[in-house]
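Could you walk me through this model in my viewer, one selection at a time? I'd like to know what to click next and what sits there.

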Amino acid sequence: MNKRVSGTAALIAVAALTLAGCAGGDGGAGGEGAPIVVGSVNTISGPATFPEASQAAAAVFDAFNEAGGLDGRTIEYKTLDDKGDPATATASARELVGSDEAVALVGSASLIECEINAKYYEQEDILSMPGIGVDTGCFASDNISPANVGPFNDMTLTLQYGSEVLGLDDICILLEIAGSTRPTYQAAIDKWTEITGKEPKYVDDTVPYGASDYTPYIVKAREQGCKALAINPVEPDAIGQVKAANAQGWDDVTWLYLTSVYSENFADAIDDAGAGIYVPAEFYPFTDDNEINADWRELMEENDIPLTSFSQGGYLAAKYFIEVLEGMDGDITRETVTEALRGMEPIENPMVGTPYAFGTQNTAGWPIILESGTNAWEKVAEDWLRIGE
């Protein structure tokens, strides 16, 4: 079923926001030595899930606490599941911000929560650093700044790589739309057209999340004369799409996917990758044996957290937050944390191609490929691919 946020659901969210308008407190000031409350709203259950980001952030905070925290003060990390439901996302934010008095939200990954809660965060003057920004609101609010590139810039990158590096023509675009993301995806496509002068041969924005069979969409794309498919699915959907093409004997199609499919589980599931599956990885490729990811990998393996780009994003968001926290003097409150994040100096990390500062966007991806019969991702570039370069 297509998970567009309905008009009714949006009204529910607006009503809940109005009712809870003044729920926020002073932002977790607490007493001397009291835990620093940090929250996150995540889609952990439902057809499209992102559990690893908050799991990774929790592991970072646990390690920080075990090492003594901030002058003895620990971080109390509270994560909630919005289930991909607008009303639950609304209630979750108000629980963390209003009742728990979190000083910030860090490491979130939700299908819809940024768009639902952005105005509330602005009203309460609280900042959110998602590990993985998914919906339009994650990239359109002054109070939200994800650690990742995001699906929209990732779409521009994968199209740019396909047309300019691989030299592909007849690129078609299939979109899975959640909420009001359609115009933002169109803007990402238009950005590619502006940069390259190329246009998609065909666009289908009716592809559902969590379909049991993607054959009709694949057959239609093939009939349109597509030579390459740029698609924005989550991992299980992508596996279904590639399998549908395999069943149709479509073995010369090139797949231009987003970072959401980059996992060892996906590689294990795909034997026939057609003419190749390409992804502009939002973080340094974790399947490459390199010291760049060593600390992240060790921490994830210690905590049995899947090695995915989602867990890289949650890890980095927590690391960025701790670095800012450690540079603060005086009280740790929502007000002072907000001031510190807004005024932070950019943080460089080799796991990303763009230094992180709150309010800026990451625009770099590292091209990787999954070829038929390998069941393994490989780098196909020696440096980051950047939008417009």
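Start by selecting Thr 338, which sits in helix 12 (residues 334-342). Keep in mind as you go that this is a predicted model. Is Thr 338 buried or exposed? Its relative accessible area is 4%, so Thr 338 counts as buried. Now show its surroundings: leaving aside residues up to four places away in sequence, Thr 338 touches Asp 125, Ile 126 and Leu 127.

Next, hop over to helix 4 (residues 113-124) and pick Lys 119 and Glu 122. Their side chains meet in a salt bridge, at 4.0 Å from N to O. The two residues are three apart in helix 4, so about one helical turn separates them. Colour by accessibility if you like: Lys 119 is exposed at 59% relative accessibility, while Glu 122 is partly exposed at 34%.

How many salt bridges turn up in a search of the whole structure? The search finds nine, and a few more are worth a stop.

Select Asp 288 and Lys 379 for the next one, a salt bridge with an N to O distance of 3.8 Å. Asp 288 belongs to the loop between strand 9 (277-281) and helix 10 (294-302), and Lys 379 to strand 11 (residues 377-379), so this pair ties together parts that are 91 residues apart in sequence. Both ends are partly exposed: Asp 288 has 22% relative accessibility, and Lys 379 has 27%.

Now move to Asp 295 and Lys 319, another salt bridge, where the closest N and O atoms are 3.8 Å apart. Here Asp 295 in helix 10 is linked to Lys 319 in helix 11 (residues 309-326), and the two are 24 residues apart. Asp 295 is partly exposed at 40% relative accessibility, and Lys 319 is partly exposed too, at 35%. Before leaving the charged pairs, select Glu 76, Lys 78 and Asp 100 together: salt bridges that share partners join these three into one network.

Time for some sheet. Select strand 7 (residues 228-231) and switch on side chains. Which residues point which way from strand 7? Ala 228 and Ala 230 point to one side, Leu 229 and Ile 231 to the other, and all are buried. That fits the general pattern, in which the side chains of a regular strand alternate between the two faces of the sheet.

Then bring in the neighbouring strands. Strand 5 (residues 171-176) pairs with strand 7 in the parallel sense, over four bridges. Strand 8 (residues 254-256) also pairs with strand 7 in the parallel sense, over three bridges. Zoom in on Leu 229 to see both partners: Cys 172 stands opposite Leu 229, and in strand 8 its bridge partner is Trp 255.

Last stop: add helix 8 (residues 235-247) to the selection. Strand 7, helix 8 and strand 8 together make a right-handed β-α-β unit. Helix 8 has 13 residues and spans 18 Å from its first C-alpha to its last, close to the 18 Å expected at 1.5 Å a residue. For the buried positions of helix 8, highlight Glu 235, Asp 237, Ala 238, Ile 239, Gln 241, Val 242, Ala 244 and Ala 245. Finish just past the helix at Gly 249, which follows helix 8 and has a positive phi, near 70°.

Notes
Residues are numbered from 1 along each chain as its sequence is written. This is a predicted model: local features need pLDDT of at least 70, side-chain atom pairs count only at pLDDT 80 or more; totals for chains, interfaces and linings use all residues. Side-chain values use heavy atoms; hydrogens and water are left out. The expected span of a helix is 1.5 Å times one less than its number of residues. Buried means under 20% relative accessible area, exposed over 50%, partly exposed in between (1.4 Å probe, protein chains only). Two strands pair if DSSP finds at least two bridges between them. A crossover is right-handed if, with the strands pointing away from the viewer, the path from the first strand over the helix to the second runs clockwise. Contact means heavy atoms within 4.5 Å.
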